[in-house]
Amino acid sequence: DLTPAMLEKFKEWIGKQKRKDIQLHEANVLSLERDLPKGWNNFDLIVSANMLEHIPREQLPQALINLHGLLNENGKLIVFVEKANFLNRTLVRLYWKSESYTRDQLLNIFQNAGFRTPKIDEFGKKTFRCFSIVAQPESKMAQ
C-alpha cells in the first residue's frame, strides 16, 4: 500500500492477531522494482482492491506490467476496479478524481500487459458495481 494510514491500520490488525509472519512495505505500483525489497517476487497471489483506479489511465498498463513481474508463472492477480457507469462516473471521476473502466477496456489493458485472457465479473451492489478480475501471466516477461 502507498498510504501510510492504511499500513498503520493493517499493522494494528497484525498486532491484535499476534501474527509474526506478515511483512509490510510502502511502495508505489509504478516503481515496484525500486521501492520493494530485493527478493519480493515470485508470488503465488497478489490482490489489489480499489487501488488501480487511482493511477492515471495512461499509466495503468505499466502498473499491471509491474505486478505481472512479481508473480510466479502460475501466480494469480486478483483486482477489484471501478466499473464505468453513470453513478461511478459521477462519484469516482468527479469526487474521488480517479478512473473507471469498461469490461472491454480492462480486457485489452490486461492482455497488453502480458496476462492470459482474464476472468472479469461484476462485484458489489447492482447500482454501484466494480469489476473483479482474476488474471494469470501469459509467461514471464523479459526483465
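The paragraphs below lead through a predicted model of a protein, beginning with its confidence and then passing from the sheet to the helices and the aromatic pairs.

The predictor's confidence has a mean pLDDT of 83 over the protein, and 81% of the residues reach 70 or more. Confidence is highest in helix 3, at a mean of 95, and lowest in helix 4 (residues 86–95), where the mean is 63. Where pLDDT is low, the predicted coordinates should not be read in detail. It is therefore with some caution that helix 4, with its mean of 63, should be viewed on the screen.

A good place to start is the sheet, which is open, holds four strands in the order 1-2-4-3, and has mixed pairing. Strand 1 (43–49) and strand 3 (119–123) stand at the edges, and because each has a single partner strand, one side of each is left without a neighbour in the sheet. Neighbouring strands of this sheet are turned against each other by 15 degrees on average, with direction ignored. At the end of the order given above, strand 3 pairs with strand 4 (residues 130–135) in the antiparallel sense, over five bridges. A reader who wishes to find this pairing in the model can look for F123, whose bridge partner in strand 4 is C130.

From the sheet the view can move to helix 3 (residues 60–68), whose buried residues are L60, A63, L64, N66, L67 and H68. The cover over these buried residues of helix 3 includes helix 2 (32–35) and helix 5, together with strand 1 and strand 2 (71–82).

Helix 5 (residues 103–112) can be read in a similar way, beginning with its buried residues, which are L106, I109 and F110. Seen down the axis of helix 5, these buried residues fall within an arc of 95 degrees, so they line one face of the helix. They pack against helix 3 and against strand 2, strand 3 and strand 4. The face of helix 5 that is turned away from this buried side carries the exposed residues D104 and N112.

Why does N112 count as exposed? The relative accessibility of N112 is 56%, and exposed means over 50%, so N112 falls in that class. The C-alpha atom of N112 is separated by 8.8 Å from that of I65, although the two residues are 47 residues apart along the chain. Just after helix 5 comes G114, which takes a positive phi of about 95 degrees.

The aromatic residues give a last set of landmarks, since the structure holds two aromatic pairs. One of them is formed by F10 and W13, which are stacked, with 5.5 Å from centre to centre and 5 degrees between the planes. Both F10 and W13 lie in helix 1 (residues 4–17), three residues apart, which is about one turn of the helix. F10 counts as partly exposed because its relative accessibility is 34%, and W13 likewise counts as partly exposed, at 38%. F110 and F115 form a tilted pair, with 5.6 Å from centre to centre and 55 degrees between the planes. F110 is buried, with a relative accessible area of 1%, and F115 counts as buried at 2% relative accessibility. F110 thus belongs both to this tilted pair and to the buried residues of helix 5.

Note on methods. Residues are numbered from 1 along each chain as its sequence is written. This is a predicted model: local features need pLDDT of at least 70, side-chain atom pairs count only at pLDDT 80 or more; totals for chains, interfaces and linings use all residues. Side-chain values use heavy atoms; hydrogens and water are left out. Helices (H or I, at least four residues) and strands (E, at least two) are DSSP runs, numbered from the N terminus. Buried means under 20% relative accessible area, exposed over 50%, partly exposed in between (1.4 Å probe, protein chains only). Two strands pair if DSSP finds at least two bridges between them. Axes are lines fitted to C-alpha atoms, for helices over the stretch in contact, and angles run from 0 to 180 degrees between N-to-C directions. Contact means heavy atoms within 4.5 Å. Rings of Phe, Tyr and Trp (its six-membered ring) pair if their centres lie within 6.5 Å; planes under 30 degrees apart count as stacked, over 60 as edge-to-face and the rest as tilted. pLDDT is the predictor's confidence in each residue, from 0 to 100. The arc is that of the directions from the helix axis to the C-beta atoms.
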